[in-house]
Structures are given as C-alpha cells and as structure tokens.
2 protein chains.
Amino acid sequence: MANISILGTGNMGQAIGGLVAKGGHTVQQLNTSNADQPVTGDIVILAVPHAALTDIVATRREQLTGKVVVDITNPVDFATFDDLTVPADGSAAAELARELPGSKVVKAFNTNFAGTLATGSVGTETTAVLIAGDDADAKAAVADVVTAAGLRAVDAGSLKRARELEALAFLQISLAAGEKLSWTGGFAAVA
Amino acid sequence: MANISILGTGNMGQAIGGLVAKGGHTVQQLNTSNADQPVTGDIVILAVPHAALTDIVATRREQLTGKVVVDITNPVDFATFDDLTVPADGSAAAELARELPGSKVVKAFNTNFAGTLATGSVGTETTAVLIAGDDADAKAAVADVVTAAGLRAVDAGSLKRARELEALAFLQISLAAGEKLSWTGGFAAVA
C-alpha cells in the first residue's frame with residue numbers, strides 16, 4: 001500500500017481517485033480550495049489542467065521534494081486546437097521536471113480518457129496506462145498503483161517519451177472532439 | 001476504381017498491395033529494380049523506408065506532379081531509437097510536401113503495422129487507417145481505397161497532424177520492439 005495524494009477533483013482526478021481506492025491505498029485528495037493543506041503522499045498525482053502546474057510549482061515545490069510526482073497534463077492550445085503550448089522538442093513533463101529538480105517526475109494517465117480509467121477497458125481491451133520517466137523505481141511505484149486496480153501498466157521508456165505520449169493524447173483528443181473516436185474509447189493498446 | 005501505383009515491395013508494400021487489390025483497383029507495383037519505369041497511377045503510395053524518399057524525389061518529381069502522393073514513412077533514428085530524424089516541429093510528410101509542391105501529399109498507413117492491414121483488425125477492432133493532408137479530395141481518394149478493402153478510414157486533419165501520426169507510430173514501434181505491444185496489434189482506434 002502506498003500513501004497517495006491527488007491534486008484535482010475534476011473528471012480525471014475523480015477517475016484516478018477511484019482507481020487508487022480500488023488498490024486499497026491511502027488517498028489524500030485536494031483541490032484549489034485546499035491550497036493551504038500540504039500534500040502528505042509519497043506519490044503525488046497532479047490531476048489538473050496544464051495551466052495549473054505553474055501555480056502548484058510556485059506554492060508546493062518544497063513539499064514535492066523527494067516525492068514521485070505524476071504529470072497527467074496535456075498542454076493542448078485550446079484556442080487554436082492546432083498545436084501544443086510547449087516547445088515541439090519538449091513536453092509538459094520535461095518542463096515540470098526542470099522546475100522540480102528534487103522530485104521524481106513521471107508522465108502517466110495523459111493518454112487515458114477518464115471513462116476508460118473508471119471502466120477499466122477501451123473497447124474490449126484492458127485500459128493500458130502508458131508511463132514514462134527517468135527513475136525506474138518511481139515508474140514501478142506508479143505501475144503498481146495501476147495494476148492493483150486491474151489495469152495494465154506499460155513502461156513507455158524515459159521521460160523523453162512524454163513528448164510522444166503528449167502527441168498521441170493531443171491526436172486522441174482532437175479525434176474525439178471530431179467524433180472520430182469516442183470519449184469512452186480512444187486508442188487501445190493491443191498486446 | 002482508381003489507378004494506383006505502389007513503390008516498394010517490402011512488408012508494407014505487400015500489405016498495401018493486398019489491400020488495394022481487395023478494392024478491385026488497378027495496381028502497378030514497382031521496386032528499385034523498376035527504377036526506370038514511370039509511375040502510371042493517379043494515387044502513388046510510397047511504401048518505402050524514409051531514407052528512400054530522397055532518391056524518389058530526385059528521380060520521379062516530374063512524374064508525381066498532379067498526383068496524390070501517399071507518404072507512409074516513419075523517420076525513426078534506428079541508430080539511437082530515441083528520436084526521429086526530422087525536426088521536432090515538422091514531419092517526414094511536411095518535408096516531402098515541400099519537395100513536391102506540385103503533388104498532393106497525404107500521410108497515411110504509417111500508424112498501421114503490416115499485419116493489421118492484411119488481417120483487417122487490431123485485436124477485436126477493425127484496423128483504422130489515420131489519414132492527414134491538406135487536400136480534402138486527395139484524402140477522400142485515399143479513404144476510398146481503405147474503406148473499399150473493409151478497413152476504417154479516419155480523417156486525422158491537416159498535414160500538420162502528420163507530426164502526431166509520426167510520434168504515435170514511433171511510440172508504437174518502440175513499444176513493439178520492447179515487446180509491450182504486439183507487431184500484429186498496436187494501437188487500435190475505438191470509435
């Protein structure tokens with residue numbers, strides 16, 4: 001069992017909260033109305049919109065030191081829906097890791113629609129959570145949370161692969177918005 | 001029915017050849033031993049490794065003028081397996097389109113493993129061919145070839161989206177190489 005904090009109580013925060021609870025972990029779930037409350041988990045999942053990361057870094061950097069920090073964000077430019085807001089050769093996760101040098105930043109959950117975390121499936125496939133990061137233990141800890149809930153954890157490589165995870169998610173969101181993929185489906189990983 | 005030329009007789013060339021034949025189209029299939037033979041199709045599918053595009057452009061630019069040219073390539077740096085060989089803010093398809101200003105360049109088939117084109121399925125899902133391009137008629141022509149073979153055609157947007165299609169494919173190849181996805185599976189699109 002792990003102590004897990006989740007920042008965010010939106011669709012994704014709720015879905016990840018449900019997932020974590022299935023595994024029997026201790027969960028602390030906070031949102032902006034609990035901004036004064038320090039995070040207590042060893043794994044801190046930032047289930048917030050990308051734009052909220054700046055504020056979290058500014059207010060919680062010290063609290064996040066030494067912890068596994070999970071970035072689930074997709075930095076989609078929703079004004080144009082034609083680009084990401086991070087440099088093409090980088091990623092939201094890489095930027096977060098630079099801001100939090102004392103934390104172990106892991107990219108995960110950004111390629112999963114909330115509904116597929118709740119149901120545990122994408123079509124007939126078990127929902128796969130793609131996990132990228134530079135710290136093997138941190139990735140394994142996140143993978144344990146995923147598999148304890150009955151989902152599939154897939155090690156997608158180093159944190160550099162967050163770039164491809166964010167590209168995949170951007171494409172998935174844009175196809176779902178165009179009704180070419182469903183919000184309860186998306187890309188399934190067939191092993 | 002369309003007149004279709006396929007350059008390349010490798011795994012992908014054969015799989016796409018089989019697909020095109022299913023739709024009852026006229027097919028001309030060439031490889032490097034037919035370098036002297038001009039392409040006759042209205043749709044020309046470049047089923048070659050990315051590195052071969054330079055030579056095709058140099059020798060066939062005139063022949064490709066006015067035609068729909070389908071780029072299926074993935075510019076993976078196979079030396080490092082950690083990057084693409086095209087600029088991060090571009091794509092192989094965007095580079096090809098710049099080299100062939102008189103052609104209608106479409107990105108398609110690069111996110112499909114050959115086996116899934118032959119079987120028509122990824123797991124229990126019908127194989128979806130993601131198609132990106134700036135010319136609606138050219139995309140529709142490629143979509144017709146795909147759907148005539150019983151596969152699903154998905155309009156993924158403008159040619160700019162080739163960047164995400166190449167990122168998805170790179171991730172898919174790297175996961176399959178690591179035995180985390182199967183070469184007969186990959187990412188299925190769940191509608």
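A salt bridge is a side-chain nitrogen of Lys or Arg within 4 Å of a carboxyl oxygen of Asp or Glu. The exercises below use that rule on a predicted model.

## Exercise 1. Salt bridges, from the whole to the interface

Task: Find how many salt bridges the whole structure holds over all chains. Then find how many cross the interface of chain B and chain A.

Solution.

Step 1. Search the whole structure. The search gives 18 salt bridges over all chains.

Step 2. Keep to the interface of chain B and chain A. Here the rule finds six.

Step 3. Take one example. A:Asp82 bridges to B:Arg161, and their closest N and O atoms are 2.7 Å apart.

Step 4. Look at A:Asp82 again. Its side chain also meets that of B:Lys160 in a salt bridge, at 3.0 Å from N to O. This pair crosses between chains: A:Asp82 sits in the loop between β4 (68-71) and α3 (92-99) of chain A, and B:Lys160 in the loop between β9 and α6 of chain B.

Step 5. Widen the view. A network of salt bridges links A:Asp82, A:Asp83, B:Lys160, B:Arg161, B:Arg163 and B:Glu164.

Step 6. Classify the pair from step 4. Partly exposed means between 20% and 50% relative accessible area. A:Asp82 has 25% relative accessibility, so it counts as partly exposed. B:Lys160 is partly exposed too, because its relative accessible area is 39%.

## Exercise 2. The interface of chain B and chain A

Task: Describe the contact by its residues, its buried area and the elements that chain B supplies.

Solution.

Step 1. Count residues. Chain B gives 35 residues and chain A gives 35 residues.

Step 2. Take the area. About 2900 Å² is buried between the two chains, and carbon and sulfur atoms give 61% of it. On the side of chain B, the three residues that supply more than any other three are B:Leu171, B:Lys180 and B:Val190, with 19% of the area that chain B buries against chain A.

Step 3. Count polar contacts. The rule finds 18 residue pairs in polar contact across the interface, both residues at pLDDT 80 or more.

Step 4. Name the elements. On the side of chain B that touches chain A, β9 (152-157), α6 (162-177) and β10 (186-190) each give two or more residues. Of these, α6(B) gives the most, with eight residues.

Step 5. Sort by type. The side of chain B that touches chain A has 18 nonpolar, six polar and eleven charged residues.

## Exercise 3. A strand pair across the chains

Task: Which way do β10 of chain A and β10(B) run, and how many bridges join them?

Solution.

Step 1. Read the pairing. The two strands run antiparallel, and five bridges join them.

Step 2. Check the partners. A:Gly186 faces B:Val190 in β10(B). A:Ala189 has B:Phe187 as its bridge partner.

Step 3. Ask about burial. Five of the five residues of β10(A) are buried, so the strand is largely enclosed by the rest of the structure.

## Exercise 4. B:Lys107 and its two acidic partners

Task: Which residues form salt bridges with B:Lys107?

Solution.

Step 1. Start with B:Asp71. Its closest N and O atoms with B:Lys107 are 2.7 Å apart. The pair links distant parts of the chain, 36 residues apart: B:Asp71 is in strand β4 and B:Lys107 in strand β5 of chain B.

Step 2. Check burial. B:Asp71 and B:Lys107 are both buried.

Step 3. Go to B:Glu166. Its salt bridge with B:Lys107 has closest N and O atoms 2.7 Å apart. B:Glu166 lies in helix α6 of chain B and B:Lys107 in strand β5, so this pair ties together parts 59 residues apart in sequence. B:Glu166 is buried, as is B:Lys107.

## Exercise 5. Two residues to place

Task: Is B:Asn110 buried or exposed? Is A:Lys139 buried or exposed?

Solution.

Step 1. Apply the cut-off: buried means under 20% relative accessible area.

Step 2. Take B:Asn110, in the loop between β5 (104-107) and α4 (114-119) of chain B. Its relative accessibility is 4%, so it counts as buried. A polar atom of its side chain lies 3.1 Å from the backbone oxygen of B:Leu165. The residues it touches include B:Ile72, B:Asn74 and B:Glu166.

Step 3. Take A:Lys139, in helix α5 (residues 136-148) of chain A. Its relative accessibility is 12%, so it counts as buried. Its side chain joins that of A:Asp155 in a polar contact of 2.8 Å. A:Lys139 also touches other residues, among them A:Val106, A:Ile131 and A:Ser158.

Conventions
Residues are numbered from 1 along each chain as its sequence is written. Chains are lettered from A and ligands numbered from 1 in the order in which they are written. This is a predicted model: local features need pLDDT of at least 70, side-chain atom pairs count only at pLDDT 80 or more; totals for chains, interfaces and linings use all residues. Side-chain values use heavy atoms; hydrogens and water are left out. Contact means heavy atoms within 4.5 Å. Buried area is the accessible area (1.4 Å probe) that two parts lose on being put together, summed over both. A polar contact is a pair of N or O atoms within 3.5 Å; within protein, one must be able to donate a hydrogen and the other to accept it, and residues adjacent in sequence count only if both atoms are side-chain atoms. Helices (H or I, at least four residues) and strands (E, at least two) are DSSP runs, numbered from the N terminus. Ala, Val, Leu, Ile, Met, Phe, Trp, Tyr, Cys and Pro count as nonpolar, Asp, Glu, Lys and Arg as charged, and the others, Gly among them, as polar. Two strands pair if DSSP finds at least two bridges between them. Buried means under 20% relative accessible area, exposed over 50%, partly exposed in between (1.4 Å probe, protein chains only). Lists of a residue's contacts leave out its neighbours within four places in sequence.
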